Structures are given as structure tokens and as C-alpha cells.
Amino acid sequence: MCDCAVLCVWLTLFLLRTIRCAACIISRMTITITTSNVNGIRAAQRKGITKWAERNTPDIWCMQEVRAPQTDIDRIINGFKTAYGQLTALNEICRIKGRAGVALLSDLPVVAQRYGLPGLDEDVDSGRWIEADIRTPQGYIVTVVSVYVHAGNADDPVKMEQKYCFLNAMLNRMSQLRDEAAHGGKQAVLCGDFNIAHTPLDIKNAKANETHAGFMPAERAYVDKWLNELEFVDVVRSLAGDIQGPYTWWSQRGRAFDNNVGWRIDYQLATPELAETARGFVIDKAPSYDARWSDHAPLTISYDV
């Protein structure tokens, strides 16, 4: 083989290695964050959540309505480690059996963790809020929150009072997160089932639901405060624009799923600097009703941080 041919082969191999290395670097510059209400992690496991994890492996995975004892949570999450390898798992169980429960999984380093909202001591408020400070591959620290807001019930004043109490505590903590991010501190993203559809774009039958929990004006006003006063960004709405939906939850009753009669109540709300790095989202709606492992679809957003 002549010297020119040898040189060409060498250059080709060098370029291929360079391209592969560049692709690896780019892939690690983008992190994926998923939020999903699992509607009971034991039921979700029976219906295929482990296979979903193997196919998707988000870098950070926030779960809500885990609703299981610690031994079962550990067993199921250990099953995810086959796909992940190293995985840090945090969770908080509701002190009322069979209620709420949130979890946060990360294959990125967790440098700090906090449980619960300050000022909320009632059992019904437990298992609804986890914060983790997570180091990205580039060395930035981002605060990620897994949150599950009370559903409420318009016919039950006690349940609505519990919801508003939780939302008020959220406002206080979100103000602190906003202030830290605005003054050069950690950026933050809240991921979870907020149980509020913000505008008529976020719900199929808006007019018929104005007196129902999840779409009452007093509830929606909190979202206005998060986005306007506190300047958090509804990342999906920012990326999708003013389109109907895309929905993340469908009632189990009737043919809501088949007819796409849904609500958008699962969000990722990010501080502005972090929101600007969002590159795309996927709402992984199952192909059919019987293929679902939850009545919610997982929402995944990629960020170039």
C-alpha cells in the first residue's frame, strides 16, 4: 500500500474516532428529565413500567403517586438498575397508607436532598415533595423537585382547604428558589402532577369543568402567580406554543383515552435560565388503552445544560 493510501486510511479512522467522541460529548451535554404519575408503582410494574424504563432511561426521573411501602419501592426500583447501572433513588412515603408518595431517581450525582415543604406537618401533606440538588456532567448544580399536589374535591371543603394550604406553601418555597436562581445561584425545575389545568388549552372540555377541582378559577390563579409573578416557565407550553393540549392525563371512565379527552396537569416548571436550555419534549402516550401502565403519560424534556 502506498504512503498516500496509508495516510488516507489513517485520516479516515482519525475522523471517525473524532466524530464518535464529539457525539459522546454532545449526548452528555443534554440531560433528560422525566416526570410521571405512576398511579401506584406496584400496579405500574405489573403493567410494564420496567420495560418503559429500559427503553428510555431518563437521567432524572420524578415519580408521583407511588403509593407503596418501602420494601416494595426498593424492590421495583432495583429492577430499573439493570438498565441504568448506577442509580440514586430518593422517596418519601405518605404517612396515610395508600396515599400520595413521591420519588426521584437520578443517574447523575445527588449532592443534597430535602423532604417536604416547610410549615406543612399534617399527615395528608407528606409524601408530596422531594428536592434534590443534582450535578450535571458539566459541573452545574440544578435543584430538581418531584411534587404531587392534592387533587382536591369541589364538593368537599376540607379537601379543597388542604389543596390551597399546600399551594400556599409551594408559593413560599418557589419564591425562594426563584430568588436563588435570579441571583446567580442554582437553577431549579419543578416536575410533577400539579392537578391543575391552567387554561382552556390544557383541557378538552373547559367550560364544563369550571366548577370542578383542577380547573376552578381560584386554582388556576396559582399557576398565573407561578408564571407571572415568580417568572417560572411552563416549559412544555413554551416549546409547544398555543396549541390544544398536549394532554398528559385521561380519565379511566368512558372512552376518554381513546377519544383524547384529556387534561394537561403534569408540568415541568423551570427558572428562566434553565428553561432557555430546553430543546424538546415527549409525552409518551401509550398506543392503546390496554398498553398503559398509568392513567398519566410520562413527560420527558431534554435540556442542554
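1. In which strand is S36 found? Strand β1 is the place to look. Bear in mind that this is a predicted model. With a relative accessibility of 1%, S36 counts as buried, since the cut-off for that class is under 20%. Leaving aside residues up to four places away in sequence, S36 touches W61, C62, M63, Q64, W293 and P298. There is also a long-range pairing to look at: S36 and Y267 are 231 residues apart along the chain, yet their C-alpha atoms are separated by 9.5 Å.

2. Over in strand β14 you will find another serine, S302. S302 has a relative accessible area of 18% and is classed as buried, because the limit is under 20%. Its contacts, again not counting residues up to four places away in sequence, are T30, I31, T32, T277, A278, R279 and G280.

3. Next, the cores. The largest nonpolar core holds 34 residues, and I60, L104, V144, V189 and Y303 have the most contacts inside it. Another core lies apart from that one; it has 28 residues, including L120, M160, F166 and F232. As background, nonpolar side chains in soluble globular proteins tend to be buried together. If you want one residue to click on, try I60: beyond residues up to four places away in sequence, I60 touches I31, T32, I33, T34, L104, L105, S106, L108, I134 and V144.

4. Helix α3 has two faces worth colouring separately. Its buried residues are I49, T50, W52 and A53. Viewed down the axis of α3, these fall within an arc of 155°, so they line one face of the helix. K51 and R55 are exposed and sit on the face turned away from the buried side of α3. As for what covers the buried residues, the list includes β1, α2, β2, α4 (70–84) and β14 (299–304).

5. Right after α3 comes a backbone oddity. T57 follows the helix and has a positive phi, near 35°, although T57 is a residue other than glycine. T57 belongs to the loop between α3 (49–56) and β2 (60–64). At 28% relative accessibility, T57 counts as partly exposed.

6. Two further backbone spots deserve a look in your torsion plot. N39 is not a glycine either, but has a positive phi of about 55°; N39 is in the loop between β1 (30–37) and α2 (41–47). Then there is a cis peptide bond joining G245 and P246, with omega about -5°. P246 is placed in the loop between α7 (235–240) and β10 (249–250).

7. Last, a helix pair. How far apart are the axes of α5 and α6? The axes of α5 (residues 157–182) and α6 (residues 217–229) are 11 Å apart, and the helices pack at an angle of about 0°. Angles under 35 degrees count as roughly parallel, so α5 is roughly parallel to α6. On the α5 side, the contact is made by M160, K163, Y164, L167, N168, M170, L171, M174 and R178. The α6 side brings A218, E219, Y222, K225, W226 and E229. Sorted by class, the contact of α5 with α6 has nine nonpolar, one polar and five charged residues. M160 turns up in two places here: M160 is part of this helix contact and is also among the residues of the 28-residue core.

Key. Residues are numbered from 1 along each chain as its sequence is written. This is a predicted model: local features need pLDDT of at least 70, side-chain atom pairs count only at pLDDT 80 or more; totals for chains, interfaces and linings use all residues. Side-chain values use heavy atoms; hydrogens and water are left out. A nonpolar core is a set of buried Ala, Val, Leu, Ile, Met, Phe, Trp, Tyr and Cys residues joined through side-chain atoms within 4.5 Å. Buried means under 20% relative accessible area, exposed over 50%, partly exposed in between (1.4 Å probe, protein chains only). Contact means heavy atoms within 4.5 Å. Helices (H or I, at least four residues) and strands (E, at least two) are DSSP runs, numbered from the N terminus. The arc is that of the directions from the helix axis to the C-beta atoms. Axes are lines fitted to C-alpha atoms, for helices over the stretch in contact, and angles run from 0 to 180 degrees between N-to-C directions. Angles under 35 degrees count as roughly parallel, over 145 as roughly antiparallel, 65 to 115 as roughly perpendicular and the rest as oblique. Ala, Val, Leu, Ile, Met, Phe, Trp, Tyr, Cys and Pro count as nonpolar, Asp, Glu, Lys and Arg as charged, and the others, Gly among them, as polar.
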